[in-house]
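Colleague: I've got a model open and I'd like to learn how to read it. Could you walk me through a few features, one at a time?

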Amino acid sequence: MDLHLEFAVGEGRRGGLERALRDAVRDGRLAPGARLPASRRLADELGVSRGTVKAAYDQLVAEGYLTARQGAGTQVAALPSVGAEPTEAAARARVPRFDLRPGSPDVGTFPAGAWLRALRRAVATAPSPAYDYGDPRGRIELRTALSGYLGRARGVLAPPARIVITSGYVQGLSLLTRVLDGAAIAMEDPGLPFHREVVRRAGGRVVPVGVDERGARVEELTGPEVSAVVVTPAHQYPTGVTLHPERRRALTDWARARDGLIVEDDYDGEFRYDRQPVGALQGMAPGQVAYIGTASKTLGPALRLGWMVLPPHLVDAVADVKLHSDHHTETIGQLALAELITSHAYDRHVRACRLRYRRRRDRLVDLLGARRNVRGIAAGLHALVEVADEAAVLARAEEAGLAVGYLGEHWHGPGTAASEGRAQGLVVGYGTPRERVYPEALEVLGRVLEGG
C-alpha cells in the first residue's frame with residue numbers, strides 16, 4: 001500500500017511517526033482493517049531505523065489504533081463508534097442562520113480605533129503603582145470619570161468615593177447579595193432567569209414581584225422578609241416597559257419606610273429613541289438605591305467592566321467582599337475606559353450606537369407594527385412581540401433557522417405560559433445581527449409570525 005505521512009518540523013522521528021499514523025487513522029486515510037507495511041519496508045521508505053517504526057507500531061497497538069497478530073501483520077483497528085458525539089455537520093446545523101436573541105449588542109460597532117488611542121494614552125501616562133495590586137473599589141481615574149459621566153448622562157448622584165468598579169453586572173449583583181447575607185430579594189416576574197440564579201448561588205432567597213404595563217408592582221412588596229428589590233426601571237427585561245413615575249415614587253417610599261434597598265439594573269439605559277433617556281431611579285433616592293451599570297451593551301461584553309454607585313453605608317462592606325472575591329478589577333482596562341470617557345469619545349460612540357439601533361428598531365416596527373402587538377419599542381435593544389402560541393411559533397422559527405427569545409422562559413414559577421394563563425410572546429433582539437443579514441432576518445421573522 002502507498003502511505004503518505006507528513007512530519008512536523010521539530011518533531012522527533014518516533015513521535016512524529018506516531019502522530020502521523022494516529023492522524024491517518026482518525027481522519028480515515030487508513031481505513032479499519034487496512035494492513036500496514038512491514039516495519040523494515042516502512043523504515044526504508046521513510047529513512048528511519050526499523051526500531052523506530054517498530055516502537056511506533058507498538059505504541060499505537062497499546063493505544064488501540066492498531067492491531068498486531070502473528071501471521072497477519074499490523075492492521076488498522078476498528079475504532080469505537082463516535083455516534084454519541086456531534087459531527088461537524090450536525091454542529092453546524094444547530095447554529096441558527098439568523099440570530100435575533102436578546103441580550104447582546106452589535107459587537108461589530110466596538111470603537112477599536114478610539115479604544116486603542118485611549119489605551120495608548122492611558123498606558124503612557126499611568127504611574128508605576130498602577131501595575132501593582134490596587135484598591136478593590138477600582139482606580140480613582142475611572143471612578144472620577146464615571147462620576148461626571150453618570151451625572152450628566154443618567155442623572156446619578158455618584159461621588160467617586162461611593163463607586164465600586166466590578167467585572168460586570170453579574171459580579172455587582174453577587175457582591176450585593178453576599179453583603180445582604182441570606183436576605184429575601186424581590187425580583188421582577190418575568191425577569192432574566194440567570195440573574196435569579198446568581199442571587200441564589202450568592203446565598204439570597206428570591207421572591208417574585210409582578211410586572212405590568214406600568215412596571216414592577218410595588219404593592220406586592222408587602223412581606224416583612226423582603227429587604228431588597230431588583231428592578232430594571234429604564235427598560236424592563238423582558239417586557240420592555242418603563243417604570244411609571246407613580247411606581248418610582250412608591251418604590252422609593254417603600255425603601256425609605258422599610259429601610260430597604262433598591263438594586264437598579266440600568267439595563268439599556270442610554271438607548272432611548274422617543275425622547276431623552278429617562279434618568280436613573282437612583283437620583284430620586286441615592287441613600288436607598290444601589291445603581292449598577294456596565295459597558296457591556298455600549299462597548300461590548302468582552303471588556304468585563306461595570307460599576308456600582310452605592311448608598312454610603314454599603315461602600316465599605318461591598319469593597320471588602322470585592323477584595324476577598326478577586327481583589328480588584330483589572331487595571332489597564334479601567335484606565336483606558338477612563339481616558340475614553342474624559343475625552344468624550346465614549347459619548348460620541350454611544351450617540352452613534354443610539355442612531356444605529358434606532359434605525360434597526362424602526363425596521364422592526366415597520367415590519368411588525370401594523371400586524372402585531374409589539375411592546376417595549378421606545379428603548380433598548382429588544383422588543384416583545386405578543387403571540388397566541390409560543391410553542392408553535394418557536395417550532396416554525398427553528399425550522400426556518402431563526403433563533404429568538406420567548407417570554408415563557410422568563411417566568412418565575414413552573415409550568416408553561418399556556419397552562420398558567422400567562423402572556424406569551426417572542427423576545428426579539430435587534431442588536432446582534434450584522435447589517436448585511438439583518439433585513440433578511442426580519443423577513444424570516446415576518447414569515448414565521450404569519451405561519452409561513
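Colleague: Let's start with one helix. Which elements do the buried residues of α6 pack against?

Modeller: Before that, keep in mind that this is a predicted model. The buried residues of α6 pack against three strands, β4 (163–166), β10 (289–294) and β11 (306–309), and against the helices α11 and α12 (345–368).

Colleague: And which residues of α6 are buried?

Modeller: Buried here means under 20% relative accessible area. In α6 that takes in L142, R143, A145, L146, S147, Y149, L150 and R154. Notice that R143 and R154 are on that list.

Colleague: How many residues does α6 have, and how far does the helix reach?

Modeller: There are 15 residues in α6, and from first C-alpha to last the helix reaches 20 Å. At 1.5 Å a residue you'd expect 21 Å, so the span is close to that. Just past the end of α6 comes G155, with a positive phi of about 70°.

Colleague: You mentioned α11. How do I read the packing of two helices?

Modeller: The general idea is that two packed helices are described by the angle between their axes and the distance between the axes. Here, α6 (residues 140–154) and α11 (residues 331–342) pack at about 40°, and their axes are 8 Å apart. Angles of 65 to 115 degrees would be roughly perpendicular and those under 35 roughly parallel; α6 and α11 are therefore oblique to each other. The crossing of α6 past α11 is left-handed.

Colleague: Which residues make that contact?

Modeller: On the α6 side, look for E141, L142, A145, L146, Y149 and R152; on the α11 side, Q334, L335, L337, A338, I341 and T342. By type, the contact of α6 with α11 has 8 nonpolar, 2 polar and 2 charged residues.

Colleague: What about α5 and α11: what angle do they pack at?

Modeller: Helix α5 (residues 112–125) meets α11 at an angle of about 110°, with the axes 8 Å apart. That makes α5 roughly perpendicular to α11. The crossing of α5 and α11 is right-handed. From α5 the contact uses A114, W115, A118, L119, R121, A122 and V123, and from α11 it uses I332, G333, L335, A336, L337, E339 and L340. Those residues divide into 11 nonpolar, 1 polar and 2 charged. Try selecting L335 and L337: they take part in the contact with α5 and also in the contact with α6.

Colleague: Now the backbone. Where are the cis peptide bonds you'd point me to, and what are their omega values?

Modeller: Take the bond from D189 to P190, which is cis with omega near 10°. P190 sits in the loop between β5 (184–189) and α8 (193–201). Another cis bond runs from Y237 to P238, with omega near 15°. You'll find P238 in the loop between β8 (226–231) and α9 (245–258).

Colleague: G155 had a positive phi. Which residues other than glycine have one?

Modeller: D268 is one of them, with phi near 60°, and H344 is another, with phi near 70°. D268 belongs to the loop between β9 (261–265) and β10, while H344 is in the loop between α11 and α12.

Colleague: Is D268 buried or exposed?

Modeller: D268 has 4% relative accessibility, so it counts as buried. H344, at 41%, is partly exposed.

Colleague: Last topic: sequence distance against distance in space. What does R214 touch beyond its sequence neighbours?

Modeller: Setting aside residues within four places in sequence, R214 is in contact with T242, L243, H244, E246 and R247. R214 and H244 are 30 residues apart along the chain, yet their C-alpha atoms are separated by 5.1 Å. R214 itself lies in the loop between β6 (205–212) and β7 (215–216).

Colleague: And how far apart in space are S174 and L157?

Modeller: They are 23 Å apart, C-alpha to C-alpha, with their positions 17 residues apart in sequence. S174 is in helix α7 (residues 169–180), and its contacts past four places in sequence are V198 and A202.

Colleague: Which residues does I185 touch?

Modeller: Not counting residues up to four places away, I185 touches T177, L180, V199, R205, V206, V207, A228 and V230. I185 lies in strand β5 and, at 2% relative accessibility, counts as buried.

Conventions:
Residues numbered from 1 in each chain as written. Predicted model: local features only at pLDDT ≥ 70, side-chain atom pairs only at ≥ 80, totals over all residues. Heavy atoms only, no water. Axes fitted to C-alpha atoms, helices over the stretch in contact; angles between N-to-C directions. Helix = DSSP H or I, 4+ residues; strand = E, 2+ residues; numbered from the N terminus. Parallel < 35°, antiparallel > 145°, perpendicular 65-115°, else oblique. Left-handed = near helix turned anticlockwise from the far one by under 90°. Contact = heavy atoms within 4.5 Å. Nonpolar A, V, L, I, M, F, W, Y, C, P; charged D, E, K, R; others polar. Buried < 20%, exposed > 50% of the residue type's maximum accessible area, 1.4 Å probe, protein only.
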